[in-house]
Amino acid sequence: MSQFTYTIKDELGIHARPAGLLAKLAKTFGDTVVTVTKGDKTAKASQLMKLMSLGVKKGDEVTIAADGPAADAAVAALKKFFEENL
């Protein structure tokens, strides 16, 4: 399992547009499960509605984890995504 922690900088947090892009990106890693955790709530990054239900706002700290055969590649790609979009 690979993971990283990120503090959201986007004024609107994880809202519809970046959440959709994030879910799409997470699905590209096949059998690797990608999760986003805020506090005590965790959602699969590939499940848009569950991701949105986390209610991530600006300033919130989230942990992104990947478990599976492409975990390292997934974490690298997601870290870049978060830095560029959130």
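Which side chains along E1 point to one face and are buried, and which point to the other? Keep that question in mind as you open the model, which is a predicted one.

**Stop 1: strand E1**

Select residues 2–7, which form strand E1. Show the side chains. Ser2, Phe4 and Tyr6 point to one face, and these residues are buried. Gln3, Thr5 and Thr7 point to the other face and are not buried. That is your answer. The pattern fits a general rule: in a regular strand, side chains alternate between the two faces of the sheet.

**Stop 2: the partner of E1**

Now add residues 61–67, strand E4. How many bridges pair E1 with E4? There are six, and the pairing is antiparallel. Check two positions along the way. Thr7 stands opposite Glu61 of E4. Tyr6 stands opposite Val62, also in E4.

**Stop 3: the other side of E4**

Select residues 33–38 next. This is strand E2, joined to E4 by five bridges. E2 and E4 run antiparallel. Pick Val33 and look across to E4: its bridge partner there is Asp67.

**Stop 4: the whole sheet**

Add residues 41–44, strand E3. You now have a sheet of four strands on screen. In what order do the strands lie? The order is E1-E4-E2-E3, the pairing is antiparallel, and the sheet is open. E1 and E3 are the edge strands, and each pairs on one side only. Turn the view to look along the sheet. From one strand to the next, the twist averages 20°.

Then bring in helix H3, residues 71–85. H3 packs on the sheet and touches E1, E2 and E4. The direction of H3 makes about 10° with that of E1.

**Stop 5: Phe82 and the core**

Stay on H3 and select Phe82, which sits in this helix. Is Phe82 buried or exposed? Phe82 is buried, because its relative accessible area is 0%.

Now show what surrounds Phe82. Leave aside residues up to four places away in sequence. Phe82 then touches Phe4, Tyr6, Ile8, Ile14, Leu22, Val62 and Ile64. You met Phe4 and Tyr6 at the first stop, on the buried face of E1. Try one distance too. Phe82 and Ile14 lie 68 residues apart in sequence, but their C-alpha atoms are 9.9 Å apart in space.

Zoom out to the largest nonpolar core, which has 25 residues. Which of them touch the most other members? They are Ile64 and Phe82. Five elements give two or more residues to this core: E1, H1, E2, E4 and H3. H3 supplies the largest share, six residues. A general tendency is worth recalling here: in soluble globular proteins, nonpolar side chains tend to be buried together.

**Stop 6: the salt bridges**

Colour the charged side chains. Side chains of opposite charge can pair when their charged atoms come close. How many salt bridges does the structure hold? It holds three.

Start with Lys58 and Glu11. Their closest N and O atoms are 2.6 Å apart. Lys58 lies in the loop between helix H2 (48–52) and E4, and Glu11 in the loop between E1 and helix H1 (16–27), so this pair ties together parts that are 47 residues apart in sequence. Lys58 is partly exposed, with a relative accessible area of 44%. Glu11 is exposed, at 61%.

Go on to Asp60 and Lys38. These side chains meet in a salt bridge of 3.4 Å, N to O. Asp60 is in the loop between H2 and E4, while Lys38 is in strand E2, and the two residues are 22 apart. Lys38 counts as partly exposed, at 25% relative accessibility.

Finish on H3 with Glu84 and Lys80. Here the closest N and O atoms are 3.8 Å apart. Why are these two residues separated by about one helical turn? Because they are four residues apart in helix H3. Both ends can be checked for exposure. Glu84 counts as exposed at 55% relative accessibility, and Lys80 is exposed with a relative accessible area of 51%.

How values were computed:
Residues are numbered from 1 along each chain as its sequence is written. This is a predicted model: local features need pLDDT of at least 70, side-chain atom pairs count only at pLDDT 80 or more; totals for chains, interfaces and linings use all residues. Side-chain values use heavy atoms; hydrogens and water are left out. Two strands pair if DSSP finds at least two bridges between them. Buried means under 20% relative accessible area, exposed over 50%, partly exposed in between (1.4 Å probe, protein chains only). A salt bridge is a side-chain nitrogen of Lys or Arg within 4 Å of a carboxyl oxygen of Asp or Glu. A nonpolar core is a set of buried Ala, Val, Leu, Ile, Met, Phe, Trp, Tyr and Cys residues joined through side-chain atoms within 4.5 Å. Contact means heavy atoms within 4.5 Å. Axes are lines fitted to C-alpha atoms, for helices over the stretch in contact, and angles run from 0 to 180 degrees between N-to-C directions.
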